Amino acid sequence: MYERIARKAREMGYESAVLPGTAERMSAGTIALVLPNLSNPFNLDLIRGCQAQAQAAGFMFVLLSTDESVHVESTWLLELSQTVDGIVLASARGDDEQLREIADNIPIVTINREVPSLSGIVIDTPAGCAQGLEYLSSLGHTSIAYVRGPEGSWTDQERLTALTETAERLGVTLTPVGRFLPTMASGAAAADVVELSGATAAIFFNDTLAIGALTRFKSRGISVPGQMSVIGCDDIFGASFSEPPLTTVTAFGEEAGRAATDLLISRFGQRRKSPRVDRIATHLTVRESAGRDLRSLVEPSG
């Protein structure tokens, strides 16, 4: 299969940007962005950033989605290693060993996934989620759920670790629930699990899940934030005019896309450079979906 792809590329006059170019070449080369899904609006920010930076540097830009499949991700990466000049890999689901093997053949820069020996950009949402937990604690919440993301998500595990450590420090109960795809429908299902958990507040893996949960809570007559406080993550377009407006961790996807593409281009022709991981800070944006635990305001009888 890979020989067929390479042969077709040669027939089309394709040459690698990592190798010497030709005078006839129309662009500096081709950069691919590989995403786990296109359902998360946050990924649109990554796309904008990567594409803008690639085009500014004279590279063609290719976009691929793996639909949360490790197998599809592996297949795409192997094929791309034969046909493009470099890959920006966002929220990879595959294992570190395979990613390093592919990176032996083509420059790869990751977004939101630390892989030993690979360069990458990490958006520090774990710190932002920890800030969200501190905020909920300050509002009197002592039982808080964390609605987890999809299987294989490195970011999800990092957030859970940060939240667990913060909960222990604050003396509050953190209840991780489920494994959910980042969709509105999954958010509705997650809302039911959160209600059954007994938590008075929940931090969701991303805004899409959180907004889906808001709709479900409303349909079940559960007021937000009166009976349930909700915090999302990413601050996607629409989070500020959900009902109620969503308190969320603001992450800078376009900045991450630009930074990852710049970092990738800097690796071309310098494959032996030491790996580098840059972090982009986040912060909690407070809106109306999180409020005081009203039960904490009730004086005990007697």
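**Notes on the predicted fold, its loops and its ring pairs**

1. P244 lies in the loop between β9 and β10, and the peptide bond that leads into this proline from E243 is cis, with omega near -5°. The structure is a predicted model, and the remarks below should be read with that in mind. A further cis bond runs from V224 to P225, with omega near 10°; P225 is placed in the loop between α8 and β9, the latter covering residues 229-234. A reviewer checking the backbone would find these two bonds at V224 to P225 and at E243 to P244.

2. Two non-glycine residues carry a positive phi. For D235, which sits in the loop between β9 and β10, the angle is about 60°. For N112, the angle is near 55°, and the residue is found in the loop between β4 (108-111) and β5 (119-123). N112 has a relative accessibility of 9%, which lies under the 20% limit, so it counts as buried.

3. D235 returns in the surroundings of T250, a residue of strand β10 (residues 247-250). The side chains of T250 and D235 are joined by a polar contact of 2.8 Å, and another polar contact, of 2.4 Å, links the side chain of T250 with that of T285. When residues up to four places away in sequence are set aside, T250 touches D234, D235, T282, H283 and T285. T250 itself is buried, because its relative accessibility of 8% falls under 20%.

4. As to the overall architecture, the protein chain has nine helices and twelve strands. Of its 302 residues, 52% count as buried, and the accessible surface comes to about 13,600 Å², with 53% of it belonging to carbon and sulfur atoms. Among contacts in the chain with a separation of 6 or more, 73% are made between residues 24 or more positions apart.

5. Which residues have the most contacts inside the largest nonpolar core? They are V88, V194, I203, F204, F217 and V230, in a core of 65 residues. Helix α8 (residues 207-219) supplies the largest share of this core, namely six residues. V230, taken without its neighbours within four places in sequence, is in contact with A202, F204, A210, L214, F217, V224, L246, T247, S289 and A290. Apart from the core of 65 residues lies another, of 16 residues, with A32, L64, A92 and V115 among its members. As general background, nonpolar side chains in soluble globular proteins tend to be buried together.

6. The structure holds two aromatic pairs. In one of them, F59 and F268 have ring centres 5.5 Å apart and planes at 40°, an angle between the 30 and 60 degree limits, so the pair is classed as tilted. This pair links distant parts of the chain, since F59 belongs to strand β2 (residues 59-65) while F268 is in the loop between α9 (253-267) and β11 (277-280), with their positions 209 residues apart. F59 has a relative accessible area of 8% and is buried; F268, at 12% relative accessibility, also counts as buried.

7. The other pair is formed by F237 and F241, with 5.3 Å from centre to centre and 80° between the planes, which makes it edge-to-face because that angle is over 60 degrees. Are these two rings' residues buried or exposed? Both F237 and F241 are exposed, whereas F59 is buried and F268 likewise counts as buried.

8. One charge placed over a ring is also worth recording: R159 lies over the face of F205, at 4.7 Å from the ring centre. Its distance falls within the 6 Å allowed for such an arrangement.

9. The last point concerns D45, which has its place in helix α2 (residues 42-56). D45 counts as buried, because 17% relative accessibility is under the 20% limit. With residues up to four places away in sequence left out, D45 touches G253 and E254. The C-alpha atoms of D45 and R258 are separated by 9.8 Å, although the two residues are 213 residues apart along the chain.

Key:
Residues are numbered from 1 along each chain as its sequence is written. This is a predicted model: local features need pLDDT of at least 70, side-chain atom pairs count only at pLDDT 80 or more; totals for chains, interfaces and linings use all residues. Side-chain values use heavy atoms; hydrogens and water are left out. Rings of Phe, Tyr and Trp (its six-membered ring) pair if their centres lie within 6.5 Å; planes under 30 degrees apart count as stacked, over 60 as edge-to-face and the rest as tilted. Helices (H or I, at least four residues) and strands (E, at least two) are DSSP runs, numbered from the N terminus. Buried means under 20% relative accessible area, exposed over 50%, partly exposed in between (1.4 Å probe, protein chains only). A charge sits over a ring if NZ of Lys or CZ of Arg is within 6 Å of the ring centre and within 35 degrees of the ring normal. Contact means heavy atoms within 4.5 Å. Accessible areas come from the Shrake-Rupley method with a 1.4 Å probe; for residues, only the protein chains shown count as cover. A polar contact is a pair of N or O atoms within 3.5 Å; within protein, one must be able to donate a hydrogen and the other to accept it, and residues adjacent in sequence count only if both atoms are side-chain atoms. A nonpolar core is a set of buried Ala, Val, Leu, Ile, Met, Phe, Trp, Tyr and Cys residues joined through side-chain atoms within 4.5 Å.
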